[in-house]
Amino acid sequence: MTFQHYRQEVLALTMRWVRRLSREKFSMLFTLVQPMLFWLIFFGSLFQHAANIQVLQAPNYMSFLAGGVVVMTVLNNGLAGGVDLLFDKENGFLERMMSTPIHRSSVILSRYLFVMAITGMQILVILSIAFVFGVRLETGLPGIAVILVIGMLFGVGLTAISMALAFSVKSHGDFFSMLGFLSLPMIFLSSALVPLSAMPGWMQVVAMVNPMTWVIDAVRPLIITGWDAAIPQVGMAFVILAIFDAVCLYGGAKAFRRAIG
Amino acid sequence: MMDPAVVIDVARLGKTFGPVTAVEDLSFTVHAGEIFGLLGPNGAGKSTALRMLITVLPPSTGTATVLGHDIVREADTVRSLIGYVPQERAVDRFLTGREHLELLGGLYHLSRTETNARIDELLKLVNLEEHADRVAKTYSGGMKRKLDIACGLLPNPKIVFLDEPTLGLDVQSRLKIWDYIRQLRENGITIVMTTNYLEEADQLCDRLAIIDGGTIRVIGSPLELKTGLGGDSLSVTIKEHEADTLPRLREGVMALPLVRDVRLNPTGLDILVESPEKSLPAVIEVAQRLDCSLDGIEYHRPRLDDVFIAHTGHGLRGGTPDATEEE
């Protein structure tokens, strides 16, 4: 196994994901537009006046929500990241790939490259839409770079969870019900839609152990407050994400090995 | 030293999934340039055996080598030497036929020029040239199967493994696929395939192993297996009122050179013969000489079905002991 071979495999596999996406234009548009339309624009406009700015500690609800929507997008993309592998497993395509002399990890890596690229683009689109609605990033372009890095780091662990599920479940029905079971509580039991201070006590406790909260609390000050407030939060998020990713990657690798042998 | 003609050597291979034993104690060899079949009903363990040989499933017990390379320790080398055509229509609906082959070119580490040359060759072989740039969701079942086969052949393998190559295909596509498989053998490629179609095993395979309940019941060429059941036979029925002439006829027939055995049955005789063409006139002659009037004479050549039933105790389709089983 040489590096040239590895690169060739990963490239060929990544190209496949890109080609698939380009054939599913409708679904691409839908995945891309859905978080902005539904959450940012509808939800943001709906609560613009209902939300208390004192509680939010933000200039308005839209700018408060922008960070949450960014992280929710990372969550959804990450948790859906294993879906294609699930279908590959079910229709025999995975086995075909595994019968070729590729390094076992290149399928996983290609999936990561693809999911990360899509997630990165979506984050940029969301921040641009937010800009159109008047949300100005306090930390400017460097802030965007940090948001992308945090998003990617969170995505690594989430995608690992999704792939582990894809390799472990018996049917894709199980897979999708597990995803549904995971994603909504992760959103509602986090600081995505309201700050922790506005939650009932028990919810605050749950939200504190939700890694999503820590990620949002790092992204949000980058958007609405500025570097001074953001830096300690970002540092904290890096620590949490290092642990989160390590656990998820470990579990994912175990599930992968069990399925592939 | 290994026989140079042996390309696959399987020794006591077994696989268990938790408490379930899928296959047990498989031992066989595959020779260079032959079509080797694994014949058995669904769930017999054929696919499990195949998947171990192509290195996607690690064996629980035993060993196997493919072209001299251990399927576990040298899995990567084995993978680079073989081609695989899975049982499911393992195509990506959103990719074109050509894109499938390009992807595999990358996975087998072929250069772009090599890949393109192979693609042209294979598309011609399986007659998919016109459809190469359409996405696979527009393909018929037969076309998907052809693409599957082209994918399995892309690395220019020495051995191709086919899992149920004609499962669910219409008659025409099936004959076409058989043609490709024979063509591959002519080009010196060794073929290992699973099937649950008796006709396919009979027509296509040079040798086959009958697998049932996770173990090999018998191995041989279709002809050997059929001959092993006693070969061709003649059944003579005699007119009812002349039943008393039967022992006489039996004596006379027994004396014929081409006859191996004669058994009495209620209405006549079952005669095991070397060559039905030559013994048929001889039997009639004996009957006339001994003044027995025959009611009918029937010639029976064992089919692979009979072989299957004889070695597994049941038919291929039923799975339960066959009521029409002889003796």
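# A guided tour of chains A and B

B:Gly315 is a buried residue, its relative accessible area being 9%. Select this glycine to begin; the model on the screen is a predicted one. B:Gly315 sits in the segment after α11 (304-312) of chain B. For a sense of scale, add B:Lys176 to the selection: the two residues stand 139 positions apart in sequence, and their C-alpha atoms are 27 Å apart in space.

**Chain B as a whole**

Next, select all of chain B and display it as a cartoon. Its 327 residues include 52% that count as buried. The chain has 11 helices and 14 strands, and its C-alpha trace spans about 80 × 45 × 40 Å along the principal axes. Among contacts in chain B with a separation of 6 or more, 67% join residues 24 or more positions apart.

**Helix α1 of chain B**

Now select residues 46-53 of chain B. Is this helix enclosed by the rest of the structure or not, and how many of its residues are buried? Six of the eight residues of α1(B) are buried, and the helix is therefore largely enclosed by the rest of the structure. To see them, show the side chains of B:Lys46, B:Thr48, B:Ala49, B:Leu50, B:Met52 and B:Leu53, which are the buried residues of α1(B). Continue past the end of the helix to B:Thr55, where phi is positive, near 70 degrees.

**B:Phe161 and the nonpolar cores**

Centre the view on B:Phe161 and display its surroundings. Apart from neighbours within four places in sequence, B:Phe161 contacts B:Leu50, B:Leu53 and B:Ile54, together with B:Ile8, B:Ile82, B:Gly83, B:Tyr84, B:Val85 and B:Val192. Two of these partners, B:Leu50 and B:Leu53, have already appeared among the buried residues of α1(B).

B:Phe161 also belongs to the largest nonpolar core, which has 151 residues. Select the members that touch the most other members: A:Ile150, A:Phe154, A:Leu193 and A:Met212 in chain A, and B:Ile8, B:Leu39 and B:Phe161 in chain B. The largest share of this core, 12 residues, is supplied by helix α4 (residues 61-80) of chain A. Another core, of 17 residues, lies apart from it; B:Val236, B:Ile238, B:Leu256 and B:Val273 are among its members.

**Two helices that cross obliquely**

Remain in chain B and select residues 97-107 and 112-125, which form helices α3 and α4. Their axes come within 10 Å and cross at roughly 135 degrees; α3(B) and α4(B) are therefore oblique to each other. The crossing of these two helices is right-handed. On the α3(B) side the contact involves B:Arg98, B:Leu101, B:Glu102 and B:Gly105, and on the α4(B) side B:Thr115, B:Ile119, B:Asp120 and B:Leu123. Coloured by class, the residues of this contact divide into three nonpolar, two polar and three charged.

**A buried serine in a loop**

Select B:Ser221, found in the loop between β10 (215-220) and α8 (222-228) of chain B. This serine counts as buried, at 14% relative accessibility. With neighbours up to four places away in sequence left aside, B:Ser221 is in contact with B:Asp206 and B:Arg207.

**Across to chain A**

Move to A:Ser183, which lies in helix α9 (residues 172-188) of chain A. A:Ser183 is buried, with 13% relative accessible area. Beyond residues up to four places away in sequence, A:Ser183 touches A:Leu75, A:Asn76 and A:Leu79.

Then select A:Gly82, in the loop between α4 and α5 (83-91) of chain A. Is this glycine buried or exposed? Its relative accessibility is 0%, so A:Gly82 counts as buried. Outside its neighbours within four places in sequence, A:Gly82 is in contact with A:Ser162, A:Met163, A:Ala166 and A:Phe175. A:Arg257 is 175 residues away from A:Gly82 in sequence, and the distance between their C-alpha atoms is 15 Å.

**The last stop: α5 and α8 of chain A**

Finally, select α5(A) together with helix α8 (residues 140-168) of chain A. The two helices pack at an angle of about 15 degrees, and their axes are 8 Å apart. At that angle α5(A) is roughly parallel to α8(A), and the crossing is right-handed. Show A:Val83, A:Leu85, A:Leu86 and A:Lys89 from α5(A), then A:Ser162, A:Met163, A:Ala166, A:Phe167 and A:Ser168 from α8(A); these residues make the contact. By class, the contact has six nonpolar, two polar and one charged residues.

Terms used:
Residues are numbered from 1 along each chain as its sequence is written. Chains are lettered from A and ligands numbered from 1 in the order in which they are written. Side-chain values use heavy atoms; hydrogens and water are left out. Axes are lines fitted to C-alpha atoms, for helices over the stretch in contact, and angles run from 0 to 180 degrees between N-to-C directions. Helices (H or I, at least four residues) and strands (E, at least two) are DSSP runs, numbered from the N terminus. Angles under 35 degrees count as roughly parallel, over 145 as roughly antiparallel, 65 to 115 as roughly perpendicular and the rest as oblique. A crossing is left-handed if the near helix is turned anticlockwise from the far one by less than a right angle, and right-handed if clockwise. Contact means heavy atoms within 4.5 Å. Ala, Val, Leu, Ile, Met, Phe, Trp, Tyr, Cys and Pro count as nonpolar, Asp, Glu, Lys and Arg as charged, and the others, Gly among them, as polar. A nonpolar core is a set of buried Ala, Val, Leu, Ile, Met, Phe, Trp, Tyr and Cys residues joined through side-chain atoms within 4.5 Å. Buried means under 20% relative accessible area, exposed over 50%, partly exposed in between (1.4 Å probe, protein chains only).
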